[in-house]
Amino acid sequence: MSEQIERLKTLIIGSGPAGYTAAIYAARADLKPVMYTGMEPGGQLTTTTEVDNFPGYPEGIDGPTMMVQLQQQAERFGTEVRIGMVTEVDFSDEPGGIHRVTVDNSKVIEAETVIISTGASAKYLNLPSEQRLRGGGVSACAVCDGFFYKGQEVAIVGGGDTAAEEASYLANICKKVTMLVRKDHMRASKAMQHRVNSLENIEIRYNTEVDEVIGDQVVEGLRMVNNQTGEKEEISITGLFIAIGHKPNTDIFKGQLEMDDTGYVITQGKSTKTSKPGVFASGDVQDKEYRQAITAAGTGCMAALDAERYLALVDSKEAVAS
């Protein structure tokens, strides 16, 4: 059995901007990183058409191409990228301890350091028309994609602080924003509610839900339904933003790492250190505030540097396979 166990210096769980950036830095530091991509190689950006706000791309770039280039850069320095899903973890409590990770319910890996970059998944309404038009006008990030709808009429779904903040952002660049709130009140703070209500081009529809997103290739309109009266109404829009929250992809780490009440991994201070020595978290898995590709990449860099410094402190005991 021991012959089937692989020993690594650095294991990266999950891809995307955080994981690939961590891989680039870890590989350049000779940590010989191995990355398991998870079920969605490249993360959320693989579902994004145009990325215009990542530095270094003056003409913009589409998300999938950007992720391929990040992977190629990581591999250029020696990262081994593997397709696979981590299904179980057993993290050591001791400094210098070995962490055991199971991949695809079969392969066991022992790692001196682990960088978690499994991200978070946006919550959607799960309507067939909504899913069909993701990337064609349906988005879960107004800050990412709102620019493409400058001067146009859009709608946003949600009643919390994030929805209110994104509605305010959209109101600054769009002609009109229709805000759909499922209940008869908003969950957002009073300050955020006041901010939304003060903007003349935001129309709030309470007790209102999406019945269907209209359009073949791109969003052309929206059919709404009043959940009290059953009355339906159609409006013309070119963009629909879903702001009902994100779910961090941390289920397999429950009971192993300290998390907040919504499942985000808690990191120490300005570092990427988790509650277990030698385990680091980067990207959206520990960031529910910014959720941008560039901030994820920044924490990926931090995680690799933290891992390198940790290994120097505990005097790396990498086992060389015979």
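The following paragraphs go through this predicted model from the whole chain down to single residues.

The chain holds seven helices and 19 strands. Its radius of gyration is 22 Å, close to the 20 Å that the globule rule gives for 322 residues, so the chain is as compact as a globular protein of that length. Measured out along the principal axes, the C-alpha trace spans about 70 × 40 × 35 Å. Of the 322 residues, 51% are buried. Among contacts with a separation of 6 or more, 59% are made by residues 24 or more positions apart.

The surface and the charges can be described in the same general terms. The accessible surface of the chain is about 15700 Å², and carbon and sulfur atoms contribute 48% of that area. The chain carries 31 positive and 45 negative charges, and the mean positions of these two sets lie 3 Å apart.

Within the secondary structure, one sheet can be followed strand by strand. This open sheet consists of five strands in the order 10-17-11-12-13, with parallel pairing. Strand 10, residues 138-139, and strand 13, residues 202-205, are at the edges; each has a single partner strand, so one side of each has no neighbour in the sheet. Further in, strand 11 (residues 153-157) and strand 12 (residues 176-180) run parallel and are joined by five bridges. One residue pair places the register: Val 154 has Val 177 in strand 12 as its bridge partner.

Two loop residues stand out by their backbone angles. Lys 32 is not a glycine, yet its phi is positive, at about 50°. The residue sits in the loop that connects helix 1 (16-28) with strand 2 (34-36). With a relative accessible area of 43%, Lys 32 is partly exposed, since the partly exposed class lies between the 20% and 50% limits. Asn 126 is likewise a residue other than glycine with a positive phi, here near 65°. Its loop runs between strand 9 (120-122) and helix 3 (128-132). Asn 126 has a relative accessibility of 61% and therefore counts as exposed, the cut-off for that class being over 50%.

Two glutamines show other settings. Gln 69 belongs to helix 2, which covers residues 63-76. Its relative accessibility of 34% makes Gln 69 partly exposed. Apart from residues up to four places away in sequence, Gln 69 touches Tyr 57 and Ile 61. Lys 288 is 219 residues from Gln 69 along the chain, and the C-alpha atoms of the two are separated by 26 Å.

Gln 292 is found in the loop between strand 19 (279-281) and helix 7 (293-314). Is this loop residue buried or exposed? At 16% relative accessibility, Gln 292 counts as buried, because the buried class takes in values under 20%. Neighbours within four places in sequence aside, the contacts of Gln 292 are Asn 53, Cys 141, Val 143, Cys 144 and Asp 284.

Conventions:
Residues are numbered from 1 along each chain as its sequence is written. This is a predicted model: local features need pLDDT of at least 70, side-chain atom pairs count only at pLDDT 80 or more; totals for chains, interfaces and linings use all residues. Side-chain values use heavy atoms; hydrogens and water are left out. Helices (H or I, at least four residues) and strands (E, at least two) are DSSP runs, numbered from the N terminus. The radius of gyration is taken over C-alpha atoms; the globule rule is 2.2 Å times the number of residues to the power 0.38. Buried means under 20% relative accessible area, exposed over 50%, partly exposed in between (1.4 Å probe, protein chains only). Contact means heavy atoms within 4.5 Å. Accessible areas come from the Shrake-Rupley method with a 1.4 Å probe; for residues, only the protein chains shown count as cover. Lys and Arg count as positive and Asp and Glu as negative; His and the chain ends are not counted. The place of a charge is taken as NZ of Lys, CZ of Arg, CG of Asp or CD of Glu. Two strands pair if DSSP finds at least two bridges between them.
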